[in-house]
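Here are some questions and answers for a reader who has not met this structure before. Please look at the sequence and the model first.

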Amino acid sequence: MKEHGIYLANEQYYSILKELGSLVDYQKERPLMYALPSKEHKGLYFLIPITTLSTTKKRQRIESFMQRKGISSSFYEVGNVAGRHVAFKISGVLPVTEKYVREWTIKGEHYIVQNKNLLSRIEQKLKHKTS
């Protein structure tokens, strides 16, 4: 797994989550960004779901969370991925192994988030969420 790489989870992964009682109801092609490896379990990684900000209503709802004080301000971060304005759903971080994901590619190349400012903001919120 490549740090800050974008991945797609397969249907089997989401089926397992549902069997375990998860309320996660993502479509099989939702992009996920590799965030960090597990410190306790080798081969387990935590990925952040990504959603496009395709409507004004959706954008306003997410931005309202980001403007709050306290932990709810860490639920999301917004930025650009492959020219699209997106939100990273930090509050929805998912555990996954390589068995259940494949690389998200553009023109045959695995897409890696490069924006250091965006990555720094995401990392700060991840630390806030887990502390």
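Q: Is Glu77 buried or exposed?
A: This is a predicted model, in which local features need pLDDT of at least 70 and side-chain atom pairs pLDDT 80 or more, while totals for chains, interfaces and linings use all residues. Residues are numbered from 1 along each chain as its sequence is written, and side-chain values use heavy atoms, without hydrogens and water. Buried means under 20% relative accessible area, exposed over 50%, and partly exposed in between (1.4 Å probe, protein chains only). Glu77 has a relative accessibility of 5%, so Glu77 counts as buried.

Q: Which residues are linked with Glu77 in a network of salt bridges?
A: A salt bridge is a side-chain nitrogen of Lys or Arg within 4 Å of a carboxyl oxygen of Asp or Glu. Arg121 meets Glu77 at 3.0 Å, N to O, and the closest N and O atoms of Lys125 and Glu77 are also 3.0 Å apart. The residues linked with Glu77 are therefore Arg121 and Lys125.

Q: How many residues apart in sequence are the parts that Lys125 and Glu77 tie together?
A: Helices (H or I, at least four residues) and strands (E, at least two) are DSSP runs, numbered from the N terminus. Lys125 lies in helix 3 and Glu77 in strand 4, so the parts tied together are apart in sequence by 48 residues.

Q: Which residue forms a salt bridge with Glu103?
A: Glu103 is partly exposed at 35% relative accessibility, and its partner is partly exposed at 43%. The partner lies in the segment before strand 1 and Glu103 in strand 7, so the pair ties together parts 101 residues apart in sequence. The closest N and O atoms are 3.9 Å apart, and the partner is Lys2.

Q: Within what arc do the buried residues of helix 1 fall?
A: The buried residues of helix 1 (residues 11-19) are Tyr13, Tyr14 and Leu17. They line one face of the helix, because, seen down the axis, they fall within an arc of 95°. The arc is that of the directions from the helix axis to the C-beta atoms. An α-helix has 3.6 residues a turn, so residues three or four places apart point the same way. The value asked for is 95°.

Q: What is the relative accessibility of Lys107?
A: Lys107 is found in the loop between strand 8 (105-106) and strand 9 (109-110). Phi of Lys107 is positive, near 55°, in a residue other than glycine. Lys107 counts as exposed, its relative accessibility being 84%.
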